[in-house]
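Visitor: Could you walk me through this one and explain the terms as we go?
Guide: Gladly, let us look together.

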Amino acid sequence: MKMRIDILTLFPDMYQGVFEESIIKRAKEMGKVEIYFHNFRDDSLDPHKKVDDTPYGGGPGMVLSCQPIFDCVAKIRTKDSKVILLTPSGKVYKEKIAIELSHEKHLILICGHYEGFDERIRTICDLEISIGDYVLTGGEIASMVLVDSIVRLLPDVISKDSLLEESFSNQLLDYPTYTKPAIYKGLKVPEVLLSGNHALIEKWRKEAAYNKTLEMRPDLVEGDKNGTL
Ligand code: ADE
């Protein structure tokens, strides 16, 4: 099954290059995903192609208006579409959401800019996502984060083994990895990894992943009430 992704943005040029390299490029070439861009300014019925206006009740900045976005979504939406608004007030994005979205047939990602959206735009969206508790200049970079994290999960884009052994796949961060040389500027690779004893290596990796998670992300260990270790 090929996934289709449509991105609504006022700045399609921002995507130049990002999806033309590495794994996303390969996924497109393999026919796993097709990505389209829509500048919703083209859908504006305003004679000057305006897409925003001042906020009712006063306040700073401009607000994206309903009409261009409603009409643009109406043109591309089908019964299989999941419409997602990128906004700092959305649900915080996690690997679990990426996995769920990787099973969808069609994603429509709406990127805002300026001060925000007319609240009524939320009524045509199935999901609102924030990529973290900070404010970006617009939703474009957030949409790139979603596309990258979802496309790599599509079947055969990268190997199943890599996906099983990575951070968050078991509620922990990934175990530490090393490559040659065994000593670099006096810094040594843990002895056990050179031992060739796979059972010991496995045990060490589990403990090291747990300890690293405890150090860097204690919240993940706290959240692990079922205790995978
Ligand atoms: N637009 C602006 N900031 C954002 C964020 N943190 N996540 C998603 N979209 C945004």
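What follows is a short conversation about the ligand, its pocket and two backbone details.

Guide: This is a predicted model, in which local features need pLDDT of at least 70 and side-chain atom pairs count only at pLDDT 80 or more, while totals for chains, interfaces and linings use all residues. Residues are numbered from 1 along each chain as its sequence is written, and side-chain values use heavy atoms, with hydrogens and water left out.

Visitor: Which residues are around the ligand?
Guide: They are L86, T87, P88, I129, S130, I131, G132, Y134, V135, L136, G138 and A142. A residue belongs here if one of its heavy atoms lies within 4 Å of the ligand.

Visitor: What makes the approach of T87 to the ligand a polar contact?
Guide: A polar contact is a pair of N or O atoms within 3.5 Å (within protein, one must be able to donate a hydrogen and the other to accept it, and residues adjacent in sequence count only if both atoms are side-chain atoms). A backbone N or O atom of T87 lies 3.2 Å from a ligand nitrogen, so this pair meets the cut-off. For I131, a backbone N or O atom is 3.0 Å from a nitrogen atom of the ligand. A polar backbone atom of L136 is also 3.0 Å from a ligand nitrogen.

Visitor: How much of the ligand does the protein cover?
Guide: The protein covers 96% of the 260 Å² of accessible area that the ligand has on its own, by the Shrake-Rupley method with a 1.4 Å probe.

Visitor: How do you know where the ligand sits?
Guide: A molecule sits in a pocket if more than half of its atoms lie within 2 Å of the pocket's grid points. The ligand meets this for the second largest pocket.

Visitor: What is the class make-up of the shell around the ligand?
Guide: The shell has eight nonpolar, four polar and no charged residues. Ala, Val, Leu, Ile, Met, Phe, Trp, Tyr, Cys and Pro count as nonpolar, Asp, Glu, Lys and Arg as charged, and the others, Gly among them, as polar.

Visitor: Which strand gives the most to that shell?
Guide: Strand 5 does, with three residues; strands are DSSP runs of E with at least two residues, helices are runs of H or I with at least four, and both are numbered from the N terminus.

Visitor: Which backbone details stand out for K180 and D156?
Guide: The peptide bond from K180 to P181 is cis, with omega near 5°, and P181 is in the loop between helix 5 (160–164) and strand 8 (183–184). D156 has a positive phi, near 70°, in a residue other than glycine.

Note on methods:
On a 1 Å grid over the protein atoms alone, a cavity is a set of points where a 1.4 Å probe fits but cannot get out, and a pocket is an open set with protein on both sides within 12 Å along at least five of seven lines; lining residues have an atom within 4 Å of a point.
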